[in-house]
Number of protein chains: 2
Amino acid sequence: MGVSHPHRPMRDVAIVGAGLSTFGERPESAKHLFNEAVLEALGSVDRGLALKDLEEAYVGSLGFGGGQLGNLAAYMMEQAGAAGVPARRVENACASSGFALRDAYLAVASGACDVAIAGGIEKMNDLTGIHKRFWLGVSGDTEWERLAGLTFPGVYAMMASRHFHEYGTTREHLAHVAVKNHAIGAKNPKAQFRREITLEKALAGPVVAQPFTVFDCCSTTDGASAVIIASAEKARQLTDTPVWIRGSGAATDYLAVHDRKSLTRLDATVKAGRTAFGRAGLTPRDVKVAEVHDCFTIAELLAVEDLGFTEKGQGGPFTASGATSRTGQVAVNPSGGLKAKGHPLGATGTAQAVEVFLQLRGQAGARQVQGAETGLTHNVGGSGATCVVHVYSRSVSG
Amino acid sequence: MGVSHPHRPMRDVAIVGAGLSTFGERPESAKHLFNEAVLEALGSVDRGLALKDLEEAYVGSLGFGGGQLGNLAAYMMEQAGAAGVPARRVENACASSGFALRDAYLAVASGACDVAIAGGIEKMNDLTGIHKRFWLGVSGDTEWERLAGLTFPGVYAMMASRHFHEYGTTREHLAHVAVKNHAIGAKNPKAQFRREITLEKALAGPVVAQPFTVFDCCSTTDGASAVIIASAEKARQLTDTPVWIRGSGAATDYLAVHDRKSLTRLDATVKAGRTAFGRAGLTPRDVKVAEVHDCFTIAELLAVEDLGFTEKGQGGPFTASGATSRTGQVAVNPSGGLKAKGHPLGATGTAQAVEVFLQLRGQAGARQVQGAETGLTHNVGGSGATCVVHVYSRSVSG
């Protein structure tokens, strides 16, 4: 199921603009944050683009504006000044805006439109206690896990413990992910946490769920993100440096981890990655910059393994060696990742695409990865029940 | 915004299978209902199709399984036996599965896949009191309407009152919609209400919101629906009688009715209809069967006007004349519509497509509209903030 057909022709599609709100605890309204991202995205289009040029909109969100706003996609586009545009909300837990991007890409590829916007919005700090537990909890399995008391830190902690057992991964390996992502996140003006941490500090943090300390876990974040995508003809009118979406892959998996074949591999990541690389005609070795879904430190190790950047089980040593640092073999999460930049659930998928857009255009400032010609984003929902991977390149082919 | 480009080429796409659960108060689980629709849809494909043949899935839902289940698309596909398939939830209030259908259509048209499933699921009777009010209420405007106490019957009642004032429409005109839809709904074995009503009974019902009685309002319904769509090449392999999606149009509007230009016209319907007809190269006069969003009786009158079946303001007399009956100029809601078949929110959009699929293939039994060569579906979210229209035909062109 979900087999890719790399030989079926599709229209070429590119990202031509990208915008991100500042992440963190934001007292402003959901519409304010979404506007911030949309206006920055429009403003980043080199030869200009107006709200009226948007033909289709895809808005990712899990719990939206504190759960008090419905018909969210229409509302967000109305408030952005684009009332009328065909818009829908896409909801796949924390992979919501990654799938919004995928569907916007497919809409442009279909020929139905030439310019579409994909974005995401989350106001986690507006959620009341019951809603916060609810929205975070329901994205995993309900029947076997949530109602039995298993939380997200709990389920990822199980994966980490099993990874320790099978491959000799250590708490230090996990901490290296946090240290790396905080170090680079400190250079990101939009990041929620802009402070470096030491390995010692990461290891000595308050325990959340064994083997995780608080530094192994992402945070509660408000934020919004948006990217503007266009057909090849339109993209070339709008900019000399489009970022081409070379491949898109997606997959789902069983929600409950006991139904899956392995606790130390996300099959949805493996399938989505293979499909995206197959479409792109590229391999993991071609990727110089990758934004992966590090909701917990173990998740980044699983991702670098499941996407093929290193062998299964080698994520820890690979990371500890510096191979995933800004100057390593593949720069993983140069934005700071979910860990340091923050994780506003439904806004994370397109936020990852924003970073790759900046990196591939050489506009990432102090975070810039040298020689970033090809990039990847990897967005996960639940504990791996949904996954979407995109591969991007400065060149449209080859 | 959302301007159609009828001359840009797109791949031809058809519906090849369709399934519907029985609508009503269903004690079974959400997954049970969704399964019912998916299995019927697969079984309806003339030369057979298996779960493993599904390449992409779009699941529409507003409040899902009592609001207690997250990552819904992955969960529903897993429970249907299709774990792994790329799937996402599409949420646009009561237009959720209409947009799911649109996005599945665009995915196939893009060349990314050859077979996709679009469906919807709602278990309204599982919602607790607070959730029921919440999910129903939030789909309209929150800041100006919901928090001030305006309900959905209230906002549509305002539209009706204004229509009375501007065009001389009467309560009897409204009641004709209910009588017609209950009469044909009585012939639909899947309908929630299978009893005819008289004009006198409709007019004498308990008042919900002036000028509406309970017979002007749709109900609380559990149900699921699914359609299978395929590329032209694949469709011809699967059946000799595909139902071609000739055009798809969508639009949004301001959520709060005070921001709109008119209280007696849904601009989102006008725009979505024009785009769909433009793409199809067809006109309202070509349509023999239409499933429109009659959440309230006035909504059907607005729809037949805004879609161009009759002049603005003439919906009442047009309906009272029998022009929208099964044997009239255009058979409107031969399924019984939201009024009699039932309105399980997020499942309604693809349920409308199921009826048109049956009608265009001559498989609608006692509800069959003679000479149904071209059909239309019209699905609305909120009080007109989102709308999606599809035009279908037995022939791929002409």
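## Salt bridges across the structure

The structure holds 44 salt bridges when every chain is taken together. Keep in mind as you read that this is a predicted model. Side chains of opposite charge can pair when their charged atoms come close, and a few individual pairs are worth a visit in the viewer.

Start with Lys31(A), which forms a salt bridge with Glu143(B), with 2.7 Å between the closest N and O atoms. Lys31(A) sits in helix 1 (residues 30-43) of chain A, while Glu143(B) is in the loop between helix 4 (129-137) and helix 5 of chain B, so this pair joins two chains. Are these two partners buried or exposed? Lys31(A) counts as partly exposed at 23% relative accessibility, and Glu143(B) is partly exposed too, with a relative accessible area of 37%.

## Two bridges inside chain B

Next, find Glu40(B) and Lys190(B): they form a salt bridge whose closest N and O atoms are 2.9 Å apart. Glu40(B) belongs to helix 1 (residues 30-43) of chain B and Lys190(B) to the loop between helix 6 (171-185) and helix 7 (199-203) of chain B, so the pair ties together parts that are 150 residues apart in sequence. Glu40(B) is partly exposed, at 34% relative accessibility.

Asp306(B) and Lys312(B) make another salt bridge, with the closest N and O atoms 2.8 Å apart. Here Asp306(B) is buried, having a relative accessible area of 8%, whereas Lys312(B) is partly exposed at 29%.

## Where the chains meet

How many residues of each chain take part in the contact between chain A and chain B? On the chain A side there are 69 residues, in contact with 70 residues of chain B. The size of an interface is often given as the accessible area lost when the parts come together. Between chain A and chain B the buried area is about 5,400 Å², and carbon and sulfur atoms give 49% of that. Eight salt bridges are found across this interface.

A good residue to look at here is Arg88(A). Its side chain meets that of Asp103(B) in a salt bridge, 2.9 Å from N to O. Salt bridges that share partners also join Glu56(A), Arg88(A), Arg102(B) and Asp103(B) into one network. In addition, Arg88(A) lies over the face of Tyr58(A), at 3.9 Å from the ring centre. Chain B has a matching arrangement: Arg88(B) lies over the face of Tyr58(B), with 3.9 Å to the ring centre.

## Aromatic pairs

Over all chains, the count of aromatic pairs comes to four. One of them is formed by Phe212(B) and Phe296(B), which are stacked at 5.4 Å centre to centre with 5° between the planes. What does this pair connect? Phe212(B) lies in strand 6 (residues 212-213) of chain B and Phe296(B) in the loop between strand 9 (289-291) and helix 10 (297-306) of chain B, so the pair ties together parts that are 84 residues apart in sequence. Both Phe212(B) and Phe296(B) are buried.

Over in chain A, ring pairs link Tyr156(A), Phe212(A) and Phe296(A) into a cluster.

## Helix 5 of chain B

Helix 5 of chain B covers residues 152-167, which makes 16 residues. From first C-alpha to last, helix 5 reaches 22 Å, close to the 22 Å expected at 1.5 Å a residue. Its buried residues are Phe152(B), Gly154(B), Val155(B), Tyr156(B), Ala157(B), Met159(B), Ala160(B), His163(B) and Phe164(B). Just after helix 5 comes Gly168(B), with a positive phi near 75°.

## Two buried residues in chain A

Ile15(A) lies in strand 1 (residues 13-20) of chain A and is buried, with a relative accessible area of 0%. Setting aside neighbours within four places in sequence, Ile15(A) has contacts that include Val227(A), Ile229(A), Pro242(A), Phe357(A) and Tyr392(A). Ile15(A) and Val354(A) are 339 residues apart in sequence, yet their C-alpha atoms are 9.2 Å apart in space.

His293(A) is found in the loop between strand 9 (289-291) and helix 10 (297-306) of chain A. His293(A) is buried as well, with a relative accessible area of 2%. Not counting residues up to four places away in sequence, His293(A) touches a set of residues including Cys94(A), His343(A), Gln352(A), His378(A) and Asn379(A).

Conventions: Residues numbered from 1 in each chain as written. Chains lettered and ligands numbered in written order. Predicted model: local features only at pLDDT ≥ 70, side-chain atom pairs only at ≥ 80, totals over all residues. Heavy atoms only, no water. Helix = DSSP H or I, 4+ residues; strand = E, 2+ residues; numbered from the N terminus. Expected span 1.5 Å × (residues − 1). Buried < 20%, exposed > 50% of the residue type's maximum accessible area, 1.4 Å probe, protein only. Phe/Tyr/Trp six-rings, centres within 6.5 Å; stacked < 30°, edge-to-face > 60°. Lys NZ or Arg CZ within 6 Å of the ring centre and 35° of its normal. Contact = heavy atoms within 4.5 Å. Buried area = accessible area lost by both parts, 1.4 Å probe. Salt bridge = Lys/Arg side-chain N within 4 Å of Asp/Glu carboxyl O.
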